[in-house]
Amino acid sequence: MTHAQTNTPSQPQAQNLTRLDRWVGLDDGSPMRFVELTQDMLKILKPEEIHKLTVANLTIMGQSEIGQITKVLPSNSKLRQPKALRPSTLKGLPYLGSCKIGEVLLREQGGQFVVNQIFMSNFEAEIDTGAEEDLFVGVSKEVSNRPRMFYGLNVIVDRVGQPVGFDLNSGRKGLVFQTRDKAEAIWHIAAAATNQSIEALRAKAKAR
């Protein structure tokens, strides 16, 4: 797949550059570059270096996915692109991570808001919103340089946008969808973004 590029905020001073900066394109102010992670790289790089590469890669992948998804959504889509993707990596597995690629405001609820938040990850796992510790269960730990999973969570946020919990009455305790298939993910995103059912959207698409 072709990865979109994002500009780095500023060019670091030459004396502070590392080989990592050169890899991701921070040495000359050029657009951020995608770096293919390998099993051998995991053996020689420090965890913080792997984390930095993964965050950069997730940012590029996320921007690419946002662009591809928004192009095919209906014109009345209410999907909002996040101001920042805020990619994060899994504890103890800095080469695996996820980022938010969009959200749809669903409704206000008692002074708070229910938001359908859509994520992309470069790993596969079961998602359990009721887990006491980790949201992800049974994580596939293989190295991946592409999106492996798309999922949507109905999250309750306060008036400043901070999450306070999941809307446990929707989906599977707040998990609205989870799939490896981007086409299937787009149907779910379109349904939330237009307040229509997937069946209604499919019927309209077929009638065209």
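A salt bridge is a side-chain nitrogen of Lys or Arg within 4 Å of a carboxyl oxygen of Asp or Glu. The structure on your screen, a predicted model, holds nine salt bridges. This tour visits some of them.

**Stop 1: a pair in a helix**

Select Asp40 and Lys43. The two form a salt bridge, and their closest N and O atoms are 3.9 Å apart. Why are Asp40 and Lys43 separated by about one helical turn? Because they are three residues apart in helix 2, which covers residues 39-44. Now show the surface. Asp40 is exposed, and Lys43 is exposed too.

**Stop 2: a pair across the chain**

Next, select Asp167 and Arg107. Their side chains meet in a salt bridge, at 2.8 Å from N to O. This pair links distant parts of the chain, with the two positions 60 residues apart in the numbering. Asp167 lies in the loop between strand 7 (163-166) and strand 8 (175-179), while Arg107 belongs to strand 2 (residues 93-109).

Are Asp167 and Arg107 buried, exposed or partly exposed? Asp167 has a relative accessibility of 4%, so it counts as buried. Arg107 has a relative accessible area of 37% and is partly exposed.

**Stop 3: Arg180 and Glu124**

Move on to Arg180 and Glu124. The side chains of these two residues meet in a salt bridge, with 3.7 Å from N to O. Here again the pair links distant parts of the chain: the two residues are 56 residues apart. To find Arg180, look in the loop between strand 8 and helix 4 (182-194). To find Glu124, look in the loop between strand 3 (112-121) and strand 4 (126-127). Arg180 is exposed, its relative accessible area being 63%.

**Stop 4: the network**

Keep Arg180 and Glu124 selected, and add Glu142 and Arg148. These four residues are linked in a network of salt bridges.

Zoom in on Arg148. Where is Arg148 placed? It sits in the loop between strand 5 (136-137) and strand 6 (149-157). With a relative accessibility of 8%, below the 20% cut-off, Arg148 counts as buried.

Finally, display what surrounds Arg148. Its side chain makes a polar contact with the side chain of Glu124, at 2.8 Å. Leaving aside residues up to four places away in sequence, Arg148 touches Ser121, Asn122, Phe123, Glu124, Ser140, Glu142, Thr179 and Arg180. Among these are Glu124, Glu142 and Arg180, the residues linked with Arg148 in the network.

Technical notes: Residues are numbered from 1 along each chain as its sequence is written. This is a predicted model: local features need pLDDT of at least 70, side-chain atom pairs count only at pLDDT 80 or more; totals for chains, interfaces and linings use all residues. Side-chain values use heavy atoms; hydrogens and water are left out. Helices (H or I, at least four residues) and strands (E, at least two) are DSSP runs, numbered from the N terminus. Buried means under 20% relative accessible area, exposed over 50%, partly exposed in between (1.4 Å probe, protein chains only). A polar contact is a pair of N or O atoms within 3.5 Å; within protein, one must be able to donate a hydrogen and the other to accept it, and residues adjacent in sequence count only if both atoms are side-chain atoms. Contact means heavy atoms within 4.5 Å.
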